[in-house]
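Work through the exercises below with the sequence and the model in view. Try each task before reading its solution.

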Amino acid sequence: MKPAYRVALVAFPGIRAFDVSVITEVWGADRTDRGVPAFELRRVAADDTAIPMRGGLALLPDRPLDWLARADLVLVPGLDDHLTPAPAPVLDALRRAHARGTTLAALCGGAFTLAQAGLLDGRRAITHWNLVDLLRTRHPRVTVVPDALFIEDDGIWTAAGTAAGIDLCLHLVRRSHGAEAAAAIARSMVTAPFRTGSQAQFVEHPTPSTDRDADALAAVREHALRHLHEPLSVADLAAHAGMSPRSFARHFTAATGATPLRWLLDQRVAAAQKLLERTDLPMPEVARRAGFGSEVTMRQHFATRLATSPRAYRAAFSATPAPDPAPPSATGSAADSVSGASSPIAR
């Protein structure tokens, strides 16, 4: 029996109750009956004193800091006051964990804690869009990326504010345990398994009143998801929305934070991941059903987005044995690439 994946929630006075709840919801519930791997979530602190949190809540640690040496993943919640100094033993423990090669992840203002430990010096990081300037000012050696939902550098992950912590946690599950495990957790949380775009879509700016009432493009996205296996172009989707391609692209990006092309490619990759996990279909058929048109194109997008190949992904996450490799596809060509709004998307 495979041992449980060990996750450490680093706790100290000042951490945000919301981030603690997100971490607990993702890794603290037993969903093995739904195909999710077993997790062991521990609340790690410098001592066993109850840690007060905003709203009259308290967190009871159940493991000392040296448990980080056993953890597969170390998570740092955000802070109610983003300049709260972390206890020196906590900072030392985080440094040792990174030196051992353990993956570290901070939600929202948790980036300030990692920065206090010097772990973000010379590395790229992100925090809530309203705290970007503060992080730059307080920690000038950190390369702050202003518009990502989450980002990784040298095994250290940081996320933008609040809900982006959910995005990062689900991504970390997807990265270690596959898209289906992340999707099962997302379904139980009634949230999307992943969001596309950047936090730029959430920065305060005037919004037309017509956009506040409803998302006029929801039907177009639903149509695209139902027809992923077909050639689709920005012009096709614009026509479905009753807009010009230029106007459609502008409204779509404003609504989702991603261009129509980027959004649809992300959906195709997610569809391919599920097929690779759930079926033993040959690679050309997986590529066709996900709408990539050829195995070559699918392989290129897996390399770009997941830093792996479809075959390696299947070997890591499939519940069914892989079939014998099919002969290399000869259909990949320059025509598979996309340029221009009228070109087929992800073909």
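**Exercise 1: cysteines**

Decide whether Cys169 is buried or exposed. Solution: Cys169 has 0% relative accessibility, so Cys169 counts as buried (buried is under 20% relative accessible area, exposed over 50%, partly exposed in between, with a 1.4 Å probe and protein chains only). Next, take Cys108: its relative accessible area is 4%, so Cys108 is buried. Last, a search of the whole structure finds 0 disulfides (pairs of cysteine sulfur atoms within 2.5 Å).

The model is predicted: local features need pLDDT of at least 70, side-chain atom pairs count only at pLDDT 80 or more, and totals for chains, interfaces and linings use all residues. Residues are numbered from 1 along each chain as its sequence is written, and side-chain values use heavy atoms, leaving out hydrogens and water.

**Exercise 2: the sheet**

Find the strand order of the open sheet and its edge strands. Solution: the 7 strands run E5-E2-E1-E6-E7-E11-E10, with mixed pairing (strands are DSSP runs of E, at least two residues, and helices runs of H or I, at least four, numbered from the N terminus; two strands pair if DSSP finds at least two bridges between them). The edges are E5 (63-64) and E10 (150-153), each pairing on one side only. Then look at E1 (residues 5-10) and E6 (residues 73-76), which pair in the parallel sense over 3 bridges. Val7 has Leu73 in E6 as its bridge partner.

**Exercise 3: a helix residue**

Place Gln273 and state whether it is buried or exposed. Solution: Gln273 lies in helix H11 (residues 260-278). With a relative accessible area of 4%, Gln273 is buried.
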